[in-house]
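Work through the exercises below with the sequence and the model open. Each task is followed by a solution in steps.

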Protein chains: 2
Amino acid sequence: MTETRQKLLDAAERLMSQNGYAATSLRQIIADAGVNLASVHYHFGSKEELLDELVMRRAGPVNEERMAMLDRAEAEGGARGASLERILEAFLAPAFYVRATHPQFVKLMGRLYGEGMMGLIVRKHFSPLVVRFQAALRRALPDLDEQELGWRIHFMIGVMVRAMFGPPDGLYADDPSTEALIERMVTFVSAGFRARVGQRERVEVD
Amino acid sequence: MTETRQKLLDAAERLMSQNGYAATSLRQIIADAGVNLASVHYHFGSKEELLDELVMRRAGPVNEERMAMLDRAEAEGGARGASLERILEAFLAPAFYVRATHPQFVKLMGRLYGEGMMGLIVRKHFSPLVVRFQAALRRALPDLDEQELGWRIHFMIGVMVRAMFGPPDGLYADDPSTEALIERMVTFVSAGFRARVGQRERVEVD
DNA sequence: GTCTATACTGAGATAGAC
DNA sequence: GTCTATCTCAGTATAGAC
């Protein structure tokens with residue numbers, strides 16, 4: 001990979017994580033990277049393909065880690081299969097672990113999901129991942145019907161995207177450590193996945 | 001309100017619900033509405049202010065309905081306050097009831113949240129709503145600490161936004177009725193709100 | 001008060017010289 | 001591989017007709 005490519009990807013990641021994809025112009029990016037405007041189209045072809053490479057250079061390793069964690073969870077679970085919590089953790093945690101080395105990337109992913117820019121990338125690169133996790137969840141929740149499972153996965157993505165955006169707007173919540181945030185998501189989402197259909201929990205809290 | 005204003009708002013709602021805010025140009029909107037380009041700036045001042053009016057002409061009534069449902073839930077709850085499920089339903093249901101008369105508006109709201117365009121509008125117009133619902137949840141979940149509650153509200157918004165976007169991408173989920181969708185959200189989210197902190201549910205599903 | 005015509009700046013994309 | 005110049009289309013602004 002040439003130096004120019006690197007500079008463009010780094011500048012785009014930095015700027016887009018702050019302002020989103022649409023609001024970040026190629027002219028901002030090339031100014032920040034110190035290269036010529038036409039080099040974007042020489043190296044990537046378009047703004048959208050630049051984004052594709054930008055996402056995949058980090059999402060690739062994230063998805064490999066997700067698969068590896070799911071492997072371990074299933075190995076430990078033996079014949080029962082992996083537990084719900086371990087499956088959810090395998091999916092959610094690696095996406096936030098990258099905060100340690102590339103904090104802006106996580107925020108960028110949240111923005112991209114929100115802007116609808118992830119749909120294409122997911123269809124293009126994430127298919128094996130989606131299939132495997134759906135199958136694992138299917139097995140962990142055998143009583144949940146297919147439609148309901150699909151919607152709950154959809155809801156989980158919503159929770160993840162929101163968490164990637166950062167802490168809530170108001171003054172009422174902190175910015176927790178990565179581990180605490182993952183714990184919060186898994187606790188919330190696993191309870192949601194386990195909820196009985198058509199029979200809301202009516203127990204009063206203590 | 002003049003006819004031109006109406007036409008612009010209607011055209012913008014239709015087009016933006018399909019392609020999002022940023023990807024919809026004023027020139028598309030004025031072509032669809034059959035009016036002159038400059039009329040946008042005469043009537044609204046800018047694309048962003050057009051959006052503000054567009055959102056509030058429907059979100060205004062939605063928020064009033066939310067307040068009214070919360071009033072009823074608290075009246076029924078008496079001294080105990082409203083139940084968690086009723087609070088969540090009061091927040092979520094009215095946002096989806098508008099599908100009956102204005103189906104595109106719900107999708108538009110999902111897109112706008114995703115694009116980060118709702119932040120400003122929420123701060124400008126939704127403050128009383130946020131305060132009231134946060135207080136109601138606080139009361140329904142007295143054992144939950146403030147930070148945790150803030151994050152769980154954040155997560156709920158994520159679920160709502162995802163549901164507004166429409167059914168999940170894959171072939172694995174249907175497009176349910178509004179009532180069924182609300183039921184699904186309330187079931188999932190209420191279980192998440194009730195989950196015990198730092199003590200994940202370990203019960204196997206039957 | 002309302003609308004039309006037109007111009008200004010900045011976006012993404014592209015062709016061709018070097 | 002890189003750069004200059006240029007194309008089309010975006011949001012915005014204003015002058016002036018009715």
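**Exercise 1. The extent of the interface**

Task: State how many residues each chain gives to the contact, and give the area buried between chain A and chain B.

Solution. The structure is a predicted model.
Step 1. Chain A contributes 57 residues to the contact and chain B contributes 58 residues.
Step 2. The size of an interface is often expressed as the accessible area lost when the parts come together. Between chain A and chain B that area is about 5400 Å², with carbon and sulfur atoms giving 59% of it.

**Exercise 2. Polar and charged pairs across the interface**

Task: Count the salt bridges between chain A and chain B, then find which helices of chain A give two or more residues to the side that touches chain B.

Solution.
Step 1. Four salt bridges link chain A and chain B. There are also eight residue pairs in polar contact between these chains, counting pairs with both residues at pLDDT 80 or more.
Step 2. In chain A, the elements giving two or more residues to the side that touches chain B are helix H5 (84-97), helix H6 (103-114), helix H9 (146-165) and helix H10 (178-194). H9(A) gives the most, with 17 residues.
Step 3. By residue class, this side of chain A divides into 27 nonpolar, 10 polar and 20 charged.

**Exercise 3. How the two chains are related**

Task: Determine which rotation superposes chain A on chain B, and decide whether the copies meet through the same surface or through different ones.

Solution.
Step 1. Chain A is superposed on chain B by a rotation of 180° with 0.0 Å of shift along its axis, at an RMSD of 0.1 Å.
Step 2. This is the relation of a two-fold axis. The C-alpha of chain A nearest the axis belongs to Gly114(A), 1.8 Å from it.
Step 3. Of the interface residues of chain A, 100% are also interface residues in chain B, so the copies meet through the same surface.

**Exercise 4. A salt bridge between chains**

Task: For the pair Arg184(B) and Glu148(A), give the distance between the closest N and O atoms, and say whether Arg184(B) is buried or exposed.

Solution.
Step 1. Side chains of opposite charge can pair when their charged atoms come close. In the salt bridge of Arg184(B) with Glu148(A), the closest N and O atoms are 2.9 Å apart.
Step 2. Arg184(B) lies in helix H10 (residues 178-194) of chain B and Glu148(A) in helix H9 of chain A, so the pair joins two chains.
Step 3. Buried means under 20% relative accessible area. Arg184(B) has 11% and is buried; Glu148(A), at 4%, is buried too.
Step 4. Arg184(A) likewise forms a salt bridge with Glu148(B), with 2.9 Å between the closest N and O atoms.

**Exercise 5. A salt bridge within a helix**

Task: Explain how Glu3(A) and Lys7(A) are placed in helix H1 of chain A, and state the accessibility of Glu3(A).

Solution.
Step 1. A salt bridge joins the side chains of Glu3(A) and Lys7(A), at 3.5 Å from N to O.
Step 2. The two are four residues apart in helix H1 (residues 3-19) of chain A, which means a separation of about one helical turn.
Step 3. Glu3(A) counts as exposed, at 57% relative accessibility, while Lys7(A) is partly exposed, at 35%.

**Exercise 6. The fold of chain A**

Task: Give the number of helices and strands in chain A.

Solution.
Step 1. Chain A has 10 helices and zero strands.
Step 2. Of its 206 residues, 54% are buried.

Terms used:
Residues are numbered from 1 along each chain as its sequence is written. Chains are lettered from A and ligands numbered from 1 in the order in which they are written. This is a predicted model: local features need pLDDT of at least 70, side-chain atom pairs count only at pLDDT 80 or more; totals for chains, interfaces and linings use all residues. Side-chain values use heavy atoms; hydrogens and water are left out. Contact means heavy atoms within 4.5 Å. Buried area is the accessible area (1.4 Å probe) that two parts lose on being put together, summed over both. A polar contact is a pair of N or O atoms within 3.5 Å; within protein, one must be able to donate a hydrogen and the other to accept it, and residues adjacent in sequence count only if both atoms are side-chain atoms. Ala, Val, Leu, Ile, Met, Phe, Trp, Tyr, Cys and Pro count as nonpolar, Asp, Glu, Lys and Arg as charged, and the others, Gly among them, as polar. Copies are superposed by least squares on the C-alpha atoms of residues with pLDDT of at least 70 in both. Buried means under 20% relative accessible area, exposed over 50%, partly exposed in between (1.4 Å probe, protein chains only).
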